[in-house]
Amino acid sequence: MLKRLLFVCMFCLLGSGAFAQAAAAEEVIVSGSTTVLPVMQVAGEAFMAANPDVTLSISGGGSGNGIKALNEGLCAVAMSSRDIKESELAEGKANGINATRFAIAVDALLPIVNPENPIRDLSAQQLRDIYSGKISNWKELGGKDENIVVISRDTSSGTYETWAELIMKGEKIQARALLQTSNGAVSQIVSTNSKAIGYIGLGYLNDSIVALTMEGKVGNAETALNKSWPLSRELYVFTNGEPKDGVKKLIDYLLDPRKGQKAVLESGYVPISK
Amino acid sequence: MQMQQANGLINKAKGRPPRTAGSLREAIIRRLLGAAAACSLLFLALIVIFLCLEGLPAFQHLPISEFFLGMDWYPTSEPAEFGIFPLIAGSAVVTLLASALAIPLGVMTAVWLTEIAPSSLRRICKPFIELLAAIPSVVIGLFGMVVIAPILQNYFGADTGLNLLNAGLMLAFMSVPTICSVSEDSLYAVPPALREASLALGATRWQTTWRVVLPAAFSGIGTACMLGMSRSIGETMVVLMVAGGAGIIPISIFDPVRPMPAAIAAEIAEAPFQGEHYYVLFAIGIVLFAFTMLFNIIAQHITENNKRVAD
C-alpha cells in the first residue's frame, strides 16, 4: 500500500516536472509481472533522470494482465515472468498488435538450509514433497531425526510465484509453512534454525546459510544463464513490434550492461548481458 | 437583580452566556473546539465508509460463511481460497495469551505502585514503566526475532522460535504499560478514606487491598484490560515479525500463527488493485475493526455500569 502510495507521489512529482520542461514529454506505460516490477522500478527511476523527454508509468498486476494490456493497446511495454502463450499471440494479432519478446534478466532461486544441517543435495521431487508436507522429518531424507521447518515467501510475492511454478507444479504449499515477507527474513530465519529449509533469489546468498545442490547441479549465475539450473527462468518485456522512440530508449537502457542490467543485479536477479 | 442573576445562571446552564464584550471570543473558541471534536468523528466516519467501500465488494463472489469458516488461506492460488478462520484463530489466541500474561503483571505492578511502594520509589518507577510504552513496536519485534526466538528454539525445544508464545510474550510486553498505567490511575483515585476505614475496622493491609481497594477501582482496571487487549489485537509489526506467519489453527503454544493484521500488512502491497484478494484484505480489516470496537464498547460498558453503582 505504502509502496503504491509512494509511487503515485513519485509520478506526480516527475509528471509535474516533465510538464514544466517540455509539454510534449512522451508517456510510456509499463505494466505486468510483479517479479519484473522491482527491476523496472529501479531502472525506471534512473532512466527517467537520464531521459527527461520520456515519462514512465509503471504498474504491476501480473504477467497475464500485462500481456492482456499490451494486446488491448493499454500499455506499450508488458513485463512478464513467462513466455507469451500461442493464444495470447493470436489475440494480439487480431487487434493488430505484434508482441515482440526481449529477455532482460534470469530469475534463479536457491533452496537453502542451515550450515549445521548435513543435507546438501535434494531433488525437485523431494523439495516438492517437503513443501507440500508429505515429508516432514529430516530423517526421511537421511538427516537428523528432526521436524522440518518449512519457510516460504508470502503468497503475493514474485519469488513465491516462481517457486510454485518451478517446484510445486500445481501442488499447494502446506499451511504450516512460515510465510515471510522478504528474502532477507527467509535467510535470517534459516541461518538461526538448524531445522529450517527455505528458498531465496540467487542474489541473496550469504555465508550464514548453505545453498543446496539439486541432483548434483550447482545453482549459480553461470548455470542459471545456460539454463542447466532447474530453478531458473527468464524474465521478459514485450513490446508491440520493433520498439521505437521512447520504448526503444527504454529497451536499450534495460539491456545496457552498465545501466539496466545493473538494476537487474540490484534486484537480486542474474543479468543477461555483460 | 436576583432575577437577572438567576437568568444568567439559567443561560449558563444552557451553555449560552449573556452577550458581553468577551462573549464573541468565547463563542468563536467554543465553535473551534466543537469543530475539532467533529473532525475526529468525521475521520472515524470516513475510515468506516472507506473500509466498507473497499471491503464489502469481496462478498460479491465469496459467500460470507466461506469467508469466516473456511480453513484454507490460499489467496493467490488457482482457484483462490479465502478462508480466514485460521487468521481469526491466530489473532484470538495471540491476544488471549498476551492478555493472560499482561493483565496479572500490569495490575499487580499497579497495586505495588499505589499500595506498597514508598512514594519516592513510585516517582522513579512510574516514568520507566510508561517509557516501556514508548518503545517502537518494530524494535520489540526485532528483539523477539533475534533474542527470544533462538532461546525458544534452543532451550524449549520449539521447532521454530517464531511462534504463538513469542508473539504473546512480545504483545504482553507492549500492553503491560497501558494496563499498568490506567489501573494505577484508578487505584490512586480510590479515596484514602476507604482504606482508612477498612484498616480501622481491623482488616489487614492485604485484606484492604483485595476486598476494598481493588473492587472500588474495578471499572478502571476493567477499562485498562480492554484497552490492553485492543492494543494486542490490532498490533501489526510485532506479529508480522515474530508470529511465524503460518495460516494454521494452533494446537500448541509453539505453533506458528498468522494473525489478521500480519496477513493484511504482508499481502496488501502486492495484491492487484481492486482485485478480489485486495477486497478480501479490506474485509479482514472490517473484521479487525469490529473486534477492536467490541473491546472498546465493553470497556465503556464496564465504566458506565460501575459509575451507576458508585452513584
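User: Happy to dig in! In which helix of chain B is Phe289(B) found?
Analyst: In this predicted model, Phe289(B) is partly exposed, with a relative accessible area of 25%. Its C-alpha lies 8.4 Å from that of Gly234(B), although the two are 55 residues apart in sequence. The helix that holds Phe289(B) spans residues 276-310 of chain B and is H13.

User: Which residues does Phe289(B) touch, not counting those up to four places away in sequence?
Analyst: Helix H2 of chain B covers residues 23-55, and Leu51(B) is among its buried residues. Leu51(B) is also one of the residues that Phe289(B) touches. The full set of partners is Leu44(B), Val48(B) and Leu51(B).

User: How far apart are the end C-alpha atoms of helix H2 of chain B, and what span should its residues give?
Analyst: Helix H2 of chain B has 33 residues, which at 1.5 Å a residue should span 48 Å. The distance in the model agrees with that expectation, because the end C-alpha atoms are 47 Å apart.

User: Nice. Which helix gives the largest share of the nonpolar patch on the surface?
Analyst: The patch is formed by Leu142(B), Phe143(B), Val146(B), Val147(B), Ile151(B), Tyr155(B), Phe156(B) and Phe173(B), with about 770 Å² of accessible area together. Val146(B), for example, is partly exposed at a relative accessible area of 48%, and it is found in helix H6 of chain B. Six residues of the patch come from that helix, residues 137-155, so the largest share belongs to H6 of chain B.

User: How many salt bridges does a search of the whole structure find, and how far apart in sequence are the parts that Asp107(A) and Arg233(A) tie together?
Analyst: Over all chains the search finds 21 salt bridges. One of them joins the side chains of Asp107(A) and Arg233(A), at 3.8 Å from N to O. Asp107(A) lies in strand E4 and Arg233(A) in strand E9 of chain A, so the pair ties together parts whose separation in sequence is 126 residues.

User: Are Asp107(A) and Arg233(A) buried or exposed?
Analyst: Buried means under 20% relative accessible area. Asp107(A) has 2% and Arg233(A) has 7%, so both residues count as buried.

User: Which residue of chain A forms a salt bridge with Glu81(B)?
Analyst: The closest N and O atoms of this pair are 2.4 Å apart. Glu81(B) lies in strand E2 of chain B and its partner in the loop between helix H6 and strand E6 of chain A, so the pair joins two chains. Glu81(B) is partly exposed at 25%, and the partner, partly exposed at 37%, is Lys172(A).

User: Which residues are joined into one network with Asp185(B) by salt bridges that share partners?
Analyst: Asp185(B) forms a salt bridge with Lys126(B), the closest N and O atoms being 3.3 Å apart. The pair links helix H7 and helix H5 of chain B, 59 residues apart. Lys126(B) is buried at 17%, whereas Asp185(B) is partly exposed at 43%. Joined with Asp185(B) in one network are Arg122(B), Lys126(B), Glu130(B) and Glu184(B).

User: What is the phi of Glu215(A)?
Analyst: Most residues other than glycine have a negative phi. Glu215(A) has a positive value although it is not a glycine. Glu215(A) lies in the loop between strand E8 and helix H8 of chain A and is exposed at 57%. Its phi is about 50 degrees.

User: Finally, over which residues of chain A does pLDDT stay under 50?
Analyst: Chain A averages a pLDDT of 86, and 91% of the residues score at least 70. Where pLDDT is low, the predicted coordinates should not be read in detail. The stretch under 50, with 10 contacts beyond four places in sequence, is residues 9-23 of chain A.

Definitions and conventions. Residues are numbered from 1 along each chain as its sequence is written. Chains are lettered from A and ligands numbered from 1 in the order in which they are written. This is a predicted model: local features need pLDDT of at least 70, side-chain atom pairs count only at pLDDT 80 or more; totals for chains, interfaces and linings use all residues. Side-chain values use heavy atoms; hydrogens and water are left out. Patches are made of residues with over 30% relative accessible area and no salt bridge: like charges are joined within 9 Å, nonpolar side chains (Val, Leu, Ile, Met, Phe, Trp, Tyr) within 5 Å. Accessible areas come from the Shrake-Rupley method with a 1.4 Å probe; for residues, only the protein chains shown count as cover. A salt bridge is a side-chain nitrogen of Lys or Arg within 4 Å of a carboxyl oxygen of Asp or Glu. Helices (H or I, at least four residues) and strands (E, at least two) are DSSP runs, numbered from the N terminus. Buried means under 20% relative accessible area, exposed over 50%, partly exposed in between (1.4 Å probe, protein chains only). The expected span of a helix is 1.5 Å times one less than its number of residues. pLDDT is the predictor's confidence in each residue, from 0 to 100. Contact means heavy atoms within 4.5 Å.
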